[in-house]
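Please open the model in your viewer with the protein as a cartoon and any bound molecule as sticks. The stops below say what to select next and what is to be found there.

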Amino acid sequence: MKEQLQAIETKAIMALQAVDSLTALDELRVAYLGKKGELTAILKQMGGLTPEERPIVGQLANKVRSTIEAKIEERLVQLKAEAELKQFEAEALDVTLPGKTTKQGGLHPLNRVLNDMIDIFKSMGFDVVDGPEIETEYYNFEALNIPADHPARDMQDTFYVGDDLLLRSQTSAAQIRTMENRKPPIRVICPGRVFRADEVDATHSPVFHQIEGLVVDKDITMCDLKGCLEQVAREIYGPDAKIKFRPSFFPFTEPSVEVDVSCPECGGKGCRVCKGAGWIEILGAGMVHPNVLSGCGIDPNEYSGFAFGIGLDRLTTTRYKISDIRLLFENDLRFLEQFDK
Ligand code: PHE
């Protein structure tokens with residue numbers, strides 16, 4: 001019996017080496033150590049032994065069992081480690097491969113500058129309002145003190161889409177809508193697209209953008225207008241920016257001014273950008289005409305206000321040194337992608 005036990009141990013150890021899966025290992029455990037296994041079968045014959053032999057064979061049988069058990073455990077650890085390694089290899093990522101990127105869109109340069117302007121005006125307490133791009137003659141001209149036969153209509157010839165409907169030629173129409181809907185104090189900007197029957201060239205486009213500003217309250221003076229615009233110019237062009245007013249004419253403001261900013265390129269000395277002038281025109285402005293106020297039901301003896309209209313396209317082309325306004329409207333990705341960053 002001793003020899004049989006020894007033989008089982010040797011056979012089991014040999015068999016273990018050939019086992020290459022967890023199921024095969026389990027089968028082997030059953031074959032040797034299970035209830036119907038070889039070792040159990042031998043132990044069942046122990047009854048036939050002499051009382052002297054029994055403890056010796058019993059001890060040996062226990063030793064064989066624990067040796068086989070230990071070897072099975074050892075193999076189990078090995079097999080698990082091998083399986084894990086295989087899994088890791090199968091799931092391995094090559095981190096040196098280039099990643100899959102999704103193409104992201106970017107903001108149009110006009111929107112970038114517009115967003116900055118909105119931030120500046122919001123920080124000064126302005127609300128942003130919207131107005132329709134298709135306007136009536138009343139809002140675009142008449143209510144702005146430009147009657148049907150007024151020569152100022154020539155400069156703002158636009159596209160008519162019906163007898164009384166036109167594509168707005170200026171965001172100033174939003175002044176009227178705002179004053180009809182709000183009571184003073186009013187502090188709003190209205191950015192948007194405007195249209196004029198202009199020939200296309202490097203500096204003209206039949207579609208362009210303005211940001212209209214309007215402030216109406218008690219005791220608003222030209223000083224408020226100047227202070228406000230000076231602050232805006234410093235925010236856009238830096239703390240050394242200066243502005244100057246030149247007399248001008250708009251039917252809906254009195255007095256009216258053109259506003260120039262010291263050339264951001266040369267600081268006022270004169271260069272190619274400002275064509276030697278040292279100044280660049282950035283907007284039109286003025287004190288809201290009393291006719292316009294009273295037309296909107298606001299008493300000009302009690303209230304006064306100022307308005308301004310900024311050309312967003314000009315701001316954008318000077319900011320990014322864009323030489324041709326057409327680039328802003330052609331949607332050429334080679335141009336637009338330069339602003340993605
Ligand atoms: N709407 C004027 C234009 O398009 C600009 C402007 C706005 C002037 C507000 C004064 C006040 O030329």
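**From the ligand to the cavity**

Begin by selecting the side chain of arginine 196 together with the ligand: in this predicted model, an N or O atom of that side chain lies 2.8 Å from an oxygen atom of the ligand. Next add glutamine 210, whose side chain likewise places an N or O atom 2.8 Å from a ligand oxygen, and then glutamine 170, where the 2.8 Å separation is instead between a side-chain N or O atom and a nitrogen atom of the ligand. If you now switch on a surface, note that the ligand on its own has 330 Å² of accessible area, of which the protein covers 92%.

Widen the selection to the 14 residues around the ligand, among which Gln170, Ser172, Arg196, Gln210 and Glu212 come nearest. By class, this shell holds 7 polar, 5 nonpolar and 2 charged residues. To see where the shell comes from, colour strands E5 (207-217), E8 (279-288) and E9 (304-311), each of which gives two or more residues, with E9 contributing the largest share at 3 residues.

For the last stop, turn to the cavities, of which there is 1 of 30 Å³ or more, holding about 60 Å³ of space. Select Met117, Leu229, Val232, Ala233, Ile236, Val259, Ile282, Leu283, Ile310 and Leu315 to display its lining. Helix H9 (222-237) and strand E8 each give two or more residues to that lining, and H9 gives the most, with 4 residues. Which classes does the lining contain? It has 10 nonpolar residues, with no polar and no charged ones.

Conventions: Residues numbered from 1 in each chain as written. Predicted model: local features only at pLDDT ≥ 70, side-chain atom pairs only at ≥ 80, totals over all residues. Heavy atoms only, no water. Near = heavy atom within 4 Å. Polar contact = N/O pair within 3.5 Å; in protein donor to acceptor, adjacent residues only side chain to side chain. Areas by Shrake-Rupley, 256 points an atom, 1.4 Å probe, with all protein chains shown as cover. Nonpolar A, V, L, I, M, F, W, Y, C, P; charged D, E, K, R; others polar. 1 Å grid on protein atoms, 1.4 Å probe; cavity = no way out; pocket = protein on both sides within 12 Å on 5 of 7 lines; lining within 4 Å. Points joined across faces, edges and corners; volume = space filled by probe spheres on them.
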